[in-house]
Amino acid sequence: MPAIPHVAILGAGPIGLDAALACADAGWPFTVYEAADTAAANVRAWGHVRLFTPWELNVSHRMRAHLCDAPSDGPCPTGTELLTRLLRPIAELPALTSRIRYHTRVVGIARTGLLKHEQIGTTARAALPFTLLLDTPDGEDTAEATMVLDCTGTYTHPNTLGDGGIPAPGERALAHRITRTIPNTTDPTHWQGTVLLVGAGKSAQTAAATSPPSPAPGSSGRSATLPPTGAWFPTTPSPHARNSSTSPRR
Ligand SMILES: Cc1cc2nc3c(=O)[nH]c(=O)nc-3n(C[C@H](O)[C@H](O)[C@H](O)COP(=O)(O)OP(=O)(O)OC[C@H]3O[C@@H](n4cnc5c(N)ncnc54)[C@H](O)[C@@H]3O)c2cc1C
């Protein structure tokens with residue numbers, strides 16, 4: 001019989017939490033490493049956005065089996081509702097809560113005792129455990145695991161705008177004025193001046209659909225256009241718009 005693995009789950013987002021439930025169901029020891037102070041921190045970051053999928057498509061069979069009062073109908077939730085009504089309660093289940101290490105970012109993974117070019121593709125390499133390098137509030141730490149599930153998502157790795165996925169010429173110089181996530185446009189003081197919306201992915205479409213209407217000609221308000229390809233960025237300097245936006249293409 002194969003040995004029971006000790007599983008390291010990287011990230012307590014929707015996928016990491018479902019993986020944790022699968023490990024708990026299988027009786028496998030596991031640890032979830034979560035960089036933030038909460039489960040589903042990336043979902044929290046876009047909490048103002050309403051999902052395009054209804055509850056029944058957001059709750060896995062496994063989540064529903066563990067959380068019998070998980071939402072099952074009603075309008076599509078916002079990210080905040082997904083977090084507070086499903087993902088945080090899942091993370092607080094007795095089977096999971098003591099297994100999640102918050103404020104713990106995994107910054108490196110290696111096969112214990114081997115460099116990355118050594119014994120590639122061999123059963124000897126596959127038999128070795130993993131060593132994880134962790135950033136914790138108390139400094140660096142290491143941990144071991146025999147199986148690693150990378151559930152860290154893509155939210156903090158948005159696409160760049162250039163052809164083939166490399167930065168477009170000039171994009172890096174404008175990085176401080178580009179926001180690569182869907183902005184919360186309900187704040188009327190934040191997005192002033194002209195805003196150029198670039199992109200044709202779902203995030204760009206959402207940003208376009210939720211942005212206020214274009215201002216009258218000559219007014220100091222905001223306007224948005226949607227060329228066929230990426231991002232929000234102010235075309236006129238504005239102190240409020242400096243942190244500004246491109247959505248990860250989903
Ligand atoms: C605006 C927006 C709207 C969306 N709407 C929908 C929708 O309607 N329907 C749908 O099905 N999907 C939707 N999605 C996609 C869906 O949210 C994602 O596919 C889902 O959140 C992915 O889950 P995940 O667990 O893989 O990653 P994430 O949700 O990104 O979670 C990753 C977790 O890993 C943690 N982490 C990251 N790096 C590390 C590290 N090195 N060490 C430790 N922890 C780390 C993060 O803090 C985070 O908690 C939407 C996404 C966005 C951005």
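**Close-up views of the ligand site and a β-hairpin**

**View 1. Polar contacts between the ligand and the protein backbone.** In this predicted model, a backbone N or O atom of F52 lies 2.6 Å from an oxygen atom of the ligand. Taken alone, the ligand exposes 1,000 Å², and the protein buries 80% of that area. Further polar contacts involve the backbone of I15, where a polar atom is 2.9 Å from an oxygen atom of the ligand, and the backbone of A41, where the corresponding distance to a ligand oxygen atom is 3.3 Å.

**View 2. The pocket that holds the ligand.** The ligand sits in the largest pocket, and the elements that give two or more residues to the shell around it are α1 (14–26), α2 (41–45) and β4 (105–111). In total, 23 residues surround the ligand, and the closest of these are I15, E34, N42, F52 and T53. When the shell is sorted by residue class, 13 of its members are nonpolar, seven are polar and three are charged.

**View 3. The hairpin formed by β5 and β6.** Strand β5, which covers residues 130–136, pairs with strand β6, which covers residues 139–145, in the antiparallel sense over seven bridges. The two strands form a hairpin, with two residues between β5 and β6. Within this pairing, T131 stands opposite E144 in β6. In a regular strand the side chains alternate between the two faces of the sheet.

Terms used: Residues are numbered from 1 along each chain as its sequence is written. This is a predicted model: local features need pLDDT of at least 70, side-chain atom pairs count only at pLDDT 80 or more; totals for chains, interfaces and linings use all residues. Side-chain values use heavy atoms; hydrogens and water are left out. A residue is near a molecule or strand if one of its heavy atoms lies within 4 Å of it. A polar contact is a pair of N or O atoms within 3.5 Å; within protein, one must be able to donate a hydrogen and the other to accept it, and residues adjacent in sequence count only if both atoms are side-chain atoms. Accessible areas come from the Shrake-Rupley method with a 1.4 Å probe; for residues, only the protein chains shown count as cover. On a 1 Å grid over the protein atoms alone, a cavity is a set of points where a 1.4 Å probe fits but cannot get out, and a pocket is an open set with protein on both sides within 12 Å along at least five of seven lines; lining residues have an atom within 4 Å of a point. A molecule sits in a cavity or pocket if more than half of its atoms lie within 2 Å of its grid points. Helices (H or I, at least four residues) and strands (E, at least two) are DSSP runs, numbered from the N terminus. Ala, Val, Leu, Ile, Met, Phe, Trp, Tyr, Cys and Pro count as nonpolar, Asp, Glu, Lys and Arg as charged, and the others, Gly among them, as polar. Two strands pair if DSSP finds at least two bridges between them.
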